[in-house]
Amino acid sequence: MVSDDGFARVGALAEIPEGEVRAFDLPVGRVAIAHVEHRLFAFADACTHAGCTLSDGIFDDRAATIICPVDETAFDVETGEPVSGPGQDALPIYAVREVGGWVEVSLLPRP
């Protein structure tokens, strides 16, 4: 379901436990959502360097980073920028919100 303002409902907030990452298929591709200290972050689920699935990587909730399981590039889940490792390109980042217990993600990446 896509709202008038371009957000798609991906699932219930309860499906993304605190400190965890879950991936969802959207019309724009696979998007991962991280739940950190009662905040949500949405980003493309593919490493920009190795192309593998980031939601299978290691999530560091203290640093708010996701670490690629193949090349160990760490990406900041708020900005998408790589903070360590061989990756050079930032991840696409998406606006995400919680509405009445449901998680919704924008279908357009942030500029």
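In this predicted model, the sulfur of Cys-47 has its closest cysteine sulfur in Cys-68, at 3.7 Å, which is too far for a bond. Cys-47 is itself buried, with a relative accessible area of 4%. A similar question arises for Cys-52, whose closest cysteine sulfur also belongs to Cys-68. Here the separation is 3.0 Å, again too far for a bond, because a disulfide requires the two sulfur atoms to lie within 2.5 Å. Cys-52 is likewise classed as buried, its relative accessible area being 16%. In total, the structure holds 0 disulfides.

Cys-68 also appears among the contacts of Thr-73. Thr-73 is placed in the loop that runs between β6 (65–67) and β7 (74–76). The residue has a relative accessible area of 0% and is therefore buried. When residues up to four places away in sequence are not counted, Thr-73 touches Ile-66, Ile-67 and Cys-68, together with Pro-82, Ser-84, Gly-85, Pro-86 and Gly-87.

The two strands that flank this loop belong to an open sheet of 4 strands, arranged in the order β5-β6-β7-β8 with antiparallel pairing. The edges of the sheet are formed by β5 (58–60) and β8 (82–84), each of which pairs on one side only. From one strand to the next, the twist averages 30°. Between β6 and β7, the antiparallel pairing extends over 3 bridges. Within this part of the sheet, Thr-65 stands opposite Asp-76 of β7.

Gly-57 is located in the loop between β4 (39–44) and β5. Its C-alpha atom is separated by 9.8 Å from that of Cys-47, a residue 10 positions apart from Gly-57 along the chain. With neighbours within four places in sequence left aside, Gly-57 is in contact with Ile-66, Ile-67 and Pro-69. Ile-66 and Ile-67 thus occur in the contact list of Gly-57 as well as in that of Thr-73.

Ile-66 is also a member of the largest nonpolar core, which comprises 17 residues. The members that touch the most other members of this core are Val-21, Ala-34, Phe-43, Leu-54, Phe-59, Ile-66 and Val-77. Two elements, β3 (29–36) and β4, give two or more residues to the core. The largest share comes from β3, which supplies 3 residues. For Phe-59, the contacts beyond neighbours within four places in sequence include the core members Val-21, Ala-34, Ile-66 and Val-77. The remaining contacts of Phe-59 are with Gly-19, Glu-20, His-35, Val-36 and Thr-65. Apart from this core lies another, of 14 residues, among them Ala-8, Phe-24, Val-31 and Leu-40. In soluble globular proteins, nonpolar side chains tend to be buried together.

Charged side chains were examined next. The count of salt bridges comes to 7. One of the salt bridges joins Arg-97 to Asp-5, with the closest N and O atoms 2.8 Å apart. This pair links distant parts of the chain, since Arg-97 lies in strand β9 (residues 93–99) and Asp-5 in the segment before β1 (7–12), 92 residues apart. Both residues count as partly exposed: Arg-97 has a relative accessibility of 25%, and Asp-5 has a relative accessible area of 46%.

A further salt bridge is formed by Glu-104 and Arg-9, whose closest N and O atoms are 4.0 Å apart. This pair, too, links distant parts of the chain, with Glu-104 in strand β10 (residues 102–109) and Arg-9 in strand β1, 95 residues apart. The partners fall into separate accessibility classes: Glu-104 counts as buried at 7% relative accessibility, whereas Arg-9 is partly exposed at 31%. Glu-104 also meets Arg-97 in a salt bridge, with an N to O distance of 2.8 Å. Through shared partners, these salt bridges join Asp-5, Arg-9, Arg-97 and Glu-104 into one network.

Methods. Residues numbered from 1 in each chain as written. Predicted model: local features only at pLDDT ≥ 70, side-chain atom pairs only at ≥ 80, totals over all residues. Heavy atoms only, no water. Buried < 20%, exposed > 50% of the residue type's maximum accessible area, 1.4 Å probe, protein only. Contact = heavy atoms within 4.5 Å. Pairing = 2+ DSSP bridges. Axes fitted to C-alpha atoms, helices over the stretch in contact; angles between N-to-C directions. Core = buried A, V, L, I, M, F, W, Y, C linked by side-chain atoms within 4.5 Å.
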